[in-house]
Amino acid sequence: AVSQTTPAFTSSIKRCSAYRHQKKTESYDSVFFYIAFSHVDIEILMKKWKWVLAFNIIFILLLRTPFGVEVYGNRAWLKFPGIPINIGPAEIVKITFVLLLAWQMNWLKEERRDLRSFKSAVSVAGHAIGLCGFYYVISSDMGNGLVFLFIFLCMAFVAGVALRWFVLLIGGGISLLLCIPFFYRFRLAEYFLLDNPDIAEQVEAQVRAKLIQGNASREPARAA
């Protein structure tokens with residue numbers, strides 16, 4: 001009765017249904033590719049690790065082609081003709097990312113005998129953070145980007161990466177988060193001035209006057 005008499009409620013139900021369908025589709029393609037990859041010889045596949053890395057990059061870049069589909073502001077889906085469901089590249093790349101990261105850690109541990117040094121920590125973290133940032137820039141999907149980081153943290157901890165590097169990484173992340181409000185404050189001010197040219201002209205005149213006044217002895221025109 002409520003859904004029939006309240007248009008807003010009906011609209012919300014439709015949006016929730018669409019979201020559930022989206023997540024169901026995401027689960028279907030994840031299971032399909034999980035089964036497919038489970039029949040692949042990992043030892044042979046990892047000998048071609050450069051191809052796996054290239055696959056991750058190219059598959060994510062497909063989001064910027066006409067096959068990319070934007071859903072709720074995130075360009076995180078691929079729609080191919082003849083395929084009835086959308087494909088989430090992140091769900092497939094997560095599998096290859098785990099395989100590649102595990103191979104990288106195993107190589108550092110077994111071949112180099114060096115998984116606790118700063119150089120090894122940087123190479124492993126660079127792989128994970130680089131992929132996370134790259135995916136976010138392409139898709140604007142921070143949720144799946146953070147999943148890549150969470151996978152990396154769990155795998156690095158189990159593999160035996162030194163705890164001091166976790167402290168350094170977490171501390172750097174907290175520092176970055178503390179800087180975000182200042183960045184957005186600057187961006188908001190910039191957008192405000194762009195939308196209000198009269199105020200922007202007044203601000204510009206004030207800045208010029210202060211610069212000239214403060215640098216009167218050093219080429220005022222150049223300072224302005």
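Here are three short exercises with worked solutions on the structure above.

This is a predicted model, with local features taken at pLDDT of at least 70, side-chain atom pairs at pLDDT 80 or more, and totals for chains, interfaces and linings from all residues. Residues are numbered from 1 along each chain as its sequence is written, and side-chain values use heavy atoms, leaving out hydrogens and water.

**Exercise 1.** Find which side chains meet in a salt bridge, and say where they lie.

*Solution.* Start with the cut-off: a side-chain nitrogen of Lys or Arg within 4 Å of a carboxyl oxygen of Asp or Glu. Searching the whole structure gives one hit. That's Lys94 with Glu91, at 3.2 Å from N to O. Next, place the pair: both sit in helix α5 (residues 89-110), three residues apart, or about one turn. (Helices are DSSP runs of H or I, at least four residues, numbered from the N terminus.) Now check burial, which means under 20% relative accessible area, with exposed over 50% and partly exposed in between, using a 1.4 Å probe and protein chains only. Lys94 comes in at 14%, so it's buried; Glu91, at 11%, is buried too.

**Exercise 2.** Compare the span of helix α6 with the expected value.

*Solution.* The recipe is 1.5 Å times one less than the number of residues. With 22 residues (118-139), α6 should reach 32 Å, and its first-to-last C-alpha distance of 31 Å is close to that. Right after α6, Ser140 has a positive phi of about 65 degrees.

**Exercise 3.** Count the disulfides, then classify Cys132 and Cys154 by accessibility.

*Solution.* Look for cysteine sulfur pairs within 2.5 Å: the whole structure has zero disulfides. Cys132 has 8% relative accessibility, so it's buried, while Cys154, at 35%, is partly exposed. Cys132 is also among the buried residues of α6.

Definitions and conventions. Helix = DSSP H or I, 4+ residues; strand = E, 2+ residues; numbered from the N terminus.
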